[in-house]
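User: I would like to go through this model step by step, with the reasoning behind each answer spelled out.

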Amino acid sequence: MSKRRIEKVAVIGSGIMGSGIACHFANIGVQVLLLDIVPRELTEKEKSKGLSLNDKAVRNRIVNDSLAAAIKSKPAPLYHKDFASRITTGNLEDDISKVKDVDWIIEVVVERLDIKKQVFENIEKYRTPGTLITSNTSGIPIKFMNEGRSEDFRQHFCGTHFFNPPRYLKLFEIIPGPDTKQEVLDFLDGYGEKFLGKTTVIAKDTPAFIGNRIGIYGIQSLFHLVEEMGLTIEEVDKLTGPVIGRPKSATFRTVDVVGLDTLVHVANGIFENVPEDEEHEVFELPDFINSMMDNQWLGSKSGQGFYKKVKKEDGSSEILGLDLKSMEYRKGKRASFPTLELTKSVDKVIDRFKILIGGKDRAAEFYRKNFGGLFAYVSKRIPEITDELYKIDDALKAGFGWENGPFEIWDAVGLEKGLELIKEQGKEPAPWVREMMDSGISNFYTVKDGATYYYDIPSKSHKKVPGQDAFIILDNIRENKQVFKNSGAVIEDLGDGILNVEFQSKMNSIGGDVLAAVNKAIDIAEKDFDGLVIGNQGTNFSVGANIGMIFMMAVEQEYDELNMAVKYFQDSCMRIRYSSIPVVVAPHGMTLGGGCEMTLHADRVVAAAETYIGLVEFGVGVIPGGGGSKEMTLRASDTFEKNDVELNRLQEYFLTIGMAKVATSAYEAYDTGILQHGKDIVVVNRDRQIATAKAVARQMADRGYTKPIQRKDVKVLGKQALGMFLVGTDSMEAGKYISEHDKKIANKLAYVMAGGDLSEPSLVSEQYLLDLEREAFLSLTGERKTLERLEHMIKKGKPLRN
């Protein structure tokens with residue numbers, strides 16, 4: 001059988017989900033045909049233009065308007081605006097025959113079985129046998145949808161449930177139909193992970209599948225717990241946010257963003273379709289939800305939900321919270337609990353759960369009730385919704401943004417303690433849990449040889465979680481593969497002659513310890529290894545240099561120490577580039593300031609697609625001082641082709657720093673000059689990033705890596721460029737676009753990127769530019785306005801972000 005490849009897909013239905021799915025396929029380089037229905041009436045605008053229902057612009061209006069709205073939406077569904085060209089639009093009457101040429105057809109129409117069956121009947125007239133055909137249903141049983149279809153259709157048909165927004169939420173549920181071929185399931189499982197960057201979970205054809213069944217149970221149980229304990233919405237959002245590894249929007253803010261009507265639709269569907277569920281009543285909507293639905297308080301889409309933004313008399317904005325007893329909006333209430341204070345010094349979320357359930361206040365009571373109910377519920381969903389417990393954890397982490405799944409949390413508090421919490425709630429776990437404990441097994445998960453194993457219920461033993469071979473999980477190897485450790489970073493042996501430096505400072509900020517670890521890793525690698533990766537698996541690669549340390553030195557006017565610290569950063573970045581082994585940097589998430597500067601000096605970059613990278617030092621009142629200003633000058637110089645465009649090219653790089661531009665994906669970072677075509681690569685699935693970076697470093701070493709020679713041929717334009725920049729900053733200040741202090745920062749940057757006030761264009765060394773950069777950086781740290789900005793950021797709780 002020939003190998004299945006996906007080059008073209010058809011997406012049927014261009015609503016929010018359909019357009020989002022189309023955009024994500026475009027993100028990975030697939031050609032997309034996006035189809036929707038033909039309008040039955042003209043708009044007033046179309047009438048004024050003299051158009052008829054037969055005009056193509058009218059017939060494709062629904063699909064074109066939907067796609068245009070999706071592309072404009074925030075957060076952006078595309079990695080890069082140019083990727084929209086990979087999507088062709090059409091309608092279900094004129095263009096349905098084109099599905100014969102695609103490799104995969106995805107149905108994303110309204111959640112009504114009768115309409116879906118009509119669509120499938122129409123598709124089957126044109127579909128080429130063997131073509132994948134799937135539905136993005138969020139709950140309609142797959143077995144009902146393929147009734148009356150041909151054998152080939154049924155064999156290649158299943159559910160593929162993306163979570164919204166498809167670019168950002170990683171869960172991809174695959175739901176087999178009664179006749180789905182195993183080869184189809186295996187292909188989609190692999191394709192979702194490798195190409196779409198998803199966590200793929202094969203689920204059973206049960207109501208709401210895995211993610212929504214457990215996720216909605218979690219939200220609904222919170223709604224009832226709020227009523228029972230008399231908690232405010234602010235208190236619940238404080239308790240169910242980042243402190244337990246959940247998104248900042250926590251519970252009620254998330255519902256406002258998603259839309260209360262969406263949640264209610266899914267909850268009602270579960271309530272109606274799982275009458276035998278032992279927690280059936282949990283899915284019944286509490287009175288306050290019904291009142292909000294009656295009032296159409298749906299969240300952001302209706303202007304108010306659990307929270308409401310209002311304008312005060314002075315013109316400023318204020319966020320009001322809904323009192324769930326009176327159903328009236330009132331001023332926001334601050335929430336604080338002694339138990340939460342105890343976790344502030346605990347960086348790892350997984351280590352907080354024991355503390356959270358052990359407190360004496362209402363927060364601890366809340367957690368005991370919440371986790372007790374959750375543990376009982378998930379244990380009883382096996383084997384109903386899945387046979388493997390790890391799939392439940394994967395679904396909650398990838399679909400709802402939980403850092404740890406229910407069984408991982410249960411492991412963290414301890415098996416017996418979890419059973420105690422269940423008993424306190426008057427509930428019982430599934431029998432298999434006690435059988436597991438009675439057999440002497442006390443953990444749902446264990447780690448062996450760097451791989452994660454899960455408790456397999458039928459065999460009553462731990463089995464390896466499948467699909468890990470393409471990944472390197474640093475949490476699993478750190479203990480046994482550690483080569484060196486200090487307070488800021490760990491050096492690990494990735495195997496095959498490649499080391500890794502993993503930042504472990506707060507928010508992965510870069511201070512002296514991190515830089516010491518980078519230099520130590522290069523020392524070790526040059527002596528005993530073949531290459532080095534600088535990468536971690538935290539939420540963000542690095543939010544930048546530790547500006548709290550910079551602030552203290554500047555306040556104390558310890559300029560010699562500050563000069564040495566900045567030079568150490570510069571020297572470390574230069575050592576990354578000019579060592580005798582290949583160094584690959586693997587940025588992801590926020591990669592700002594110093595994190596970006598480190599990336600700029602890599603031999604090669606393996607960036608996660610979701611990398612938000614930029615030199616943002618202007619916001620703090622300084623210029624990039626760790627080699628960033630030098631490097632952007634060098635990169636501008638490398639693009640110089642003709643004299644008449646050299647100033648323009650330099651200005652582009654100047655503005656990248658001066659406007660503190662942050663790329664909102666790795667692909668956008670090519671536009672800002674931070675990533676380089678033909679050298680740096682992007683991986684869609686972050687789970688593969690460290691393994692890919694290791695492979696790149698290994699490949700570079702195998703090809704024969706020679707230490708580069710420091711550059712002395714950087715072309716700078718001297719007074720010609722400096723004059724242009726100074727005129728520009730003068731006019732910007734005169735037009736009140738920038739402040740006097742902003743102008744001072746910009747002029748300092750201009751001086752560096754022009755190469756000083758040289759009388760004519762010249763070739764200079766990297767070290768020459770680094771010295772100019774460091775001098776400018778130090779002079780700005782002595783400015784009162786800069787110190788005020790630094791102090792403001794520290795007071796705002798952002799001491800580590802530059």
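Analyst: Two strands are said to pair if DSSP finds at least two bridges between them. Please keep in mind that this is a predicted model.

User: How many bridges join strand β19 to strand β21, and which residue of β21 does Val 585 stand opposite?
Analyst: Strand β19 covers residues 583-586 and strand β21 covers residues 604-608, and the two run parallel. They are joined by 2 bridges, and pairing requires at least two. The residue of β21 that stands opposite Val 585 is Val 605.

User: In the open sheet with the order β15-β16-β17-β18-β19-β21-β24, which are the edge strands?
Analyst: The sheet is built from 7 strands with mixed pairing, and neighbouring strands are turned against each other by 20° on average, direction ignored. An edge strand here pairs on one side only, and this holds for β15 (482-485) and β24 (681-683). The edge strands are therefore, since each pairs on one side only, β15 and β24.

User: Which helix packs on this sheet touching β24, and what angle does its direction make with that of β21?
Analyst: Helix α21 (residues 474-481) packs on the sheet by touching β15, β16, β17 and β18, and its direction makes about 95° with that of β16. Helix α29 (residues 689-702), by contrast, touches β16, β17, β18, β19, β21 and β24. The helix asked for is α29, and its direction makes with that of β21 an angle of about 165°.

User: Is Val 243 buried or exposed?
Analyst: Val 243 lies in the loop between α10 (233-239) and α11 (252-258). Leaving aside neighbours within four places in sequence, its contacts include Leu 340, Val 349, Leu 356 and Tyr 367. Because its relative accessible area is 14%, and the cut-off is under 20%, Val 243 counts as buried.

User: What distance separates the end C-alpha atoms of helix α4?
Analyst: Helix α4 (residues 61-72) has 12 residues, so at 1.5 Å a residue it should span 16 Å. Its buried residues are Arg 61, Val 63, Leu 67 and Ala 70, and what covers them includes α1, β2, α2, α3 and β3. The end C-alpha atoms agree with the expected span, being apart by 16 Å.

User: Why is there no bond between the sulfurs of Cys 573 and Cys 596, and how many disulfides does a search of the whole structure find?
Analyst: Cys 573 is buried at 0% relative accessibility, and Cys 596 is also buried, with a relative accessible area of 0%. The closest cysteine sulfur to that of Cys 573 is in Cys 596, 9.9 Å away, which is too far for a bond, because a disulfide needs sulfur atoms within 2.5 Å. The number of disulfides found in the whole structure is 0.

Key: Residues are numbered from 1 along each chain as its sequence is written. This is a predicted model: local features need pLDDT of at least 70, side-chain atom pairs count only at pLDDT 80 or more; totals for chains, interfaces and linings use all residues. Side-chain values use heavy atoms; hydrogens and water are left out. Helices (H or I, at least four residues) and strands (E, at least two) are DSSP runs, numbered from the N terminus. Axes are lines fitted to C-alpha atoms, for helices over the stretch in contact, and angles run from 0 to 180 degrees between N-to-C directions. Contact means heavy atoms within 4.5 Å. Buried means under 20% relative accessible area, exposed over 50%, partly exposed in between (1.4 Å probe, protein chains only). The expected span of a helix is 1.5 Å times one less than its number of residues.
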